[in-house]
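Open the model in your viewer and keep the selection box ready. Each stop below says what to select and what is there.

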Amino acid sequence: MNAGSDPESLQLPERARLLHIGLAKTGTTSLQNAASAKRASLLEHGVRYPGRSVNHRYQAMGLMRRSVRWSGPGSPRPSLKKWQRLMREVEADTTNRILVSHELISLSDDAQAAKFIESLGPRTHVVVTVRSIAQTLPSYWQQYLKSGLVHPFDDWLKLVLSETPDPSVTPAFQFRLRQGEIVRRWAGLVGADSVTVVVVDKNRRDLLPQSFEALLGLPDGILADAPTGGFNSNRSMSLPEAEALREFNARQPVASTDWAIHGDLIKRGAIKSLLNDRTPGEGERRVVPPTWALERAGELSQLAVTEIQASGVRVVGDLDALTDPGTPGGDSLVADQVPVEVAADLLAGAFAAAVKRDARARSPKTASRTARAASAPAAPEGTTPAPQAAPRPAPEPVRQRAARPTGAAARAAAEYRSTDMLKALGIKARSRLRRR
């Protein structure tokens with residue numbers, strides 16, 4: 001069934017369980033932010049968004065038995081208990097529709113997808129949100145840069161879009177390229193009548209929230225204009241900014257860095273500082289895929305269109321929008337110069353994050369918790385220690401750019417020359433970057 005552009009007839013039966021599996025880069029964060037911020041309002045209108053977090057990432061990864069962040073050391077693998085705890089809340093609700101959402105669920109293989117359906121039960125309806133592959137290429141590359149990718153944009157495109165892609169390079173992205181296969185997998189589990197595909201279209205930005213409102217029987221507009229704020233609302237990087245980060249990744253490979261340190265200092269420190277505090281200069285080049293990559297992405301999208309149509313699932317929106325390349329392609333992917341303020345913002349953010357991290361480590365509360373853990377009696381041999389409640393993460397203070405570090409941090413800064421700082425980031429300000 002093709003629902004075309006009319007979401008009015010989509011409403012699911014009472015007590016239905018809507019499983020939104022993504023895909024990534026289709027407005028999932030905006031939708032989840034809205035559902036989280038308006039959790040109480042949704043419940044008043046007969047929809048439960050279970051849990052307390054913005055989305056269900058950790059719960060879903062617990063069921064899938066996957067690490068949640070990257071391939072380097074220290075990537076946490078959530079316990080199955082997180083999903084089980086979520087399901088206890090779901091099972092206890094005997095009156096409302098349920099919404100479970102995270103884009104990483106779309107990475108499920110056959111066995112993992114079957115676990116979701118078995119757990120949620122026969123009232124499950126699956127929603128797959130899809131978007132033009134060509135339009136997502138710059139965003140995906142930048143997202144992987146934030147987790148340590150070292151490949152230049154053109155090299156990465158060749159490795160993942162060729163007829164014989166390199167399976168070791170961002171395999172999750174290559175999995176997501178098979179949009180039609182993902183739809184068919186879930187339709188095979190729950191039936192085509194229990195799957196809805198929503199086509200995200202830049203010309204119809206209201207279609208995504210409207211579709212979920214219609215599916216869940218919610219008032220118009222309740223999921224629109226979601227509050228974002230913080231890192232979720234960051235703009236895209238310019239080409240010089242992206243290249244500066246990539247050069248840093250090449251000098252500090254993920255294999256030598258623990259995730260907690262990378263997350264604190266690089267993702268929530270250096271990158272957040274750059275994207276929140278800097279405005280790219282007029283004429284600063286954007287990340288634009290070359291023409292050949294847009295053409296190849298169009299071929300993959302056309303294959304997805306054919307497979308989705310053949311699957312018999314319900315479609316909201318225009319499938320032809322999947323083949324829209326968006327921005328015209330370019331030929332050159334060389335960043336001629338990296339402005340010095342790019343390096344400065346990256347370094348300032350990393351340094352401020354390091355000061356915060358050091359302050360948290362030295363806090364009396366942290367010291368007390370560490371001492372208690374060290375003095376706890378060892379479990380008798382052959383027994384399993386009782387699980388300890390995970391400490392709540394300290395709220396991240398609002399970064400004030402004008403603030404200056406004091407004490408030991410100030411002395412360290414004074415001894416650390418600006419040229420050393422730029423060298424630490426692996427960046428030569430205003431230097432030409434080599435063509436890759």
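**Stop 1: a charge over a ring**

Select K25 and Y140. The charged end of K25 sits over the ring of Y140, 5.9 Å from the ring's centre. The rule for this asks for NZ of Lys or CZ of Arg within 6 Å of the ring centre and within 35 degrees of the ring normal.

A word on the source before moving on. This is a predicted model, in which local features need pLDDT of at least 70 and side-chain atom pairs count only at pLDDT 80 or more, while totals for chains, interfaces and linings use all residues. Residues are numbered from 1 along each chain as its sequence is written, and side-chain values use heavy atoms, with hydrogens and water left out.

**Stop 2: aromatic rings**

Stay on Y140 and add Y144. Both lie in helix α6 (residues 133-145), four residues apart, about one turn of the helix. Helices (H or I, at least four residues) and strands (E, at least two) are DSSP runs, numbered from the N terminus. Y140 and Y144 are both buried. Buried means under 20% relative accessible area, exposed means over 50%, and partly exposed is in between (1.4 Å probe, protein chains only).

How many aromatic pairs are there? The count is eight. The ring centres of Y140 and Y144 are 6.3 Å apart and their planes are at 20°, so this pair is stacked. Rings of Phe, Tyr and Trp (its six-membered ring) pair if their centres lie within 6.5 Å; planes under 30 degrees apart are stacked, over 60 edge-to-face, and the rest tilted.

Now select W141 and F153. They form a tilted aromatic pair, 5.0 Å centre to centre with 40° between the planes. The pair links distant parts of the chain: W141 is in helix α6 and F153 is in helix α7 (residues 153-161), 12 residues apart. W141 is buried at a relative accessible area of 0%, and F153 is buried at 2%. Add W156 and F173 to the selection: Y140, W141, Y144, F153, W156 and F173 form one aromatic cluster.

**Stop 3: strand β4 and its partners**

Select residues 97-101, strand β4. Five of its five residues are buried, so β4 is largely enclosed by the rest of the structure. Which way do the residues point? R97, L99 and S101 point one way, while I98 and V100 point the other way. In a regular strand the side chains alternate between the two faces of the sheet.

Add strand β2 (residues 17-20), which runs parallel to β4 and is joined to it by four bridges. Two strands pair if DSSP finds at least two bridges between them. L19 has V100 in β4 as its bridge partner. Next add strand β3 (residues 47-48), also parallel to β4 and joined by two bridges. Here R48 stands opposite I98 in β4.

**Stop 4: helix α1**

Select residues 28-37. This is helix α1, mostly covered, with seven of its 10 residues buried. Among the buried ones are T28, L31 and Q32. What do the buried residues pack against? They meet β2, α2 (39-44), β4, β5 (124-130) and α10 (207-216). Contact here means heavy atoms within 4.5 Å.

**Stop 5: helix α12**

Move to α12 (259-277). A kink of about 30° is centred on I271. The bend at a residue is the angle between axes fitted to the seven residues ending there and the seven starting there. I271 is one of the buried residues of α12, as are W259 and H262. The buried residues of α12 pack against α6, α11 and α14.

**Stop 6: salt bridges**

Side chains of opposite charge can pair when their charged atoms come close. A salt bridge is a side-chain nitrogen of Lys or Arg within 4 Å of a carboxyl oxygen of Asp or Glu. By this rule there are 21 salt bridges.

Select R184 and E307. Their side chains meet in a salt bridge, 3.6 Å from N to O. R184 is in helix α9 (residues 179-190) and E307 in helix α13 (residues 291-311), 123 residues apart. R184 is partly exposed, at 41% relative accessible area.

Next, select E247 and R251. Their closest N and O atoms are 2.7 Å apart. The two are four residues apart in helix α11 (residues 239-251), about one helical turn. E247 is buried, at 10%.

Finish with R278 and E341, a salt bridge of 3.4 Å, N to O. R278 lies in the loop between α12 and α13, and E341 in helix α14 (residues 340-362), so the pair ties together parts that are 63 residues apart in sequence. R278 is buried at 6%, whereas E341 is partly exposed at 37%. Salt bridges that share partners join R235, E241, R278, E284 and E341 into one network.
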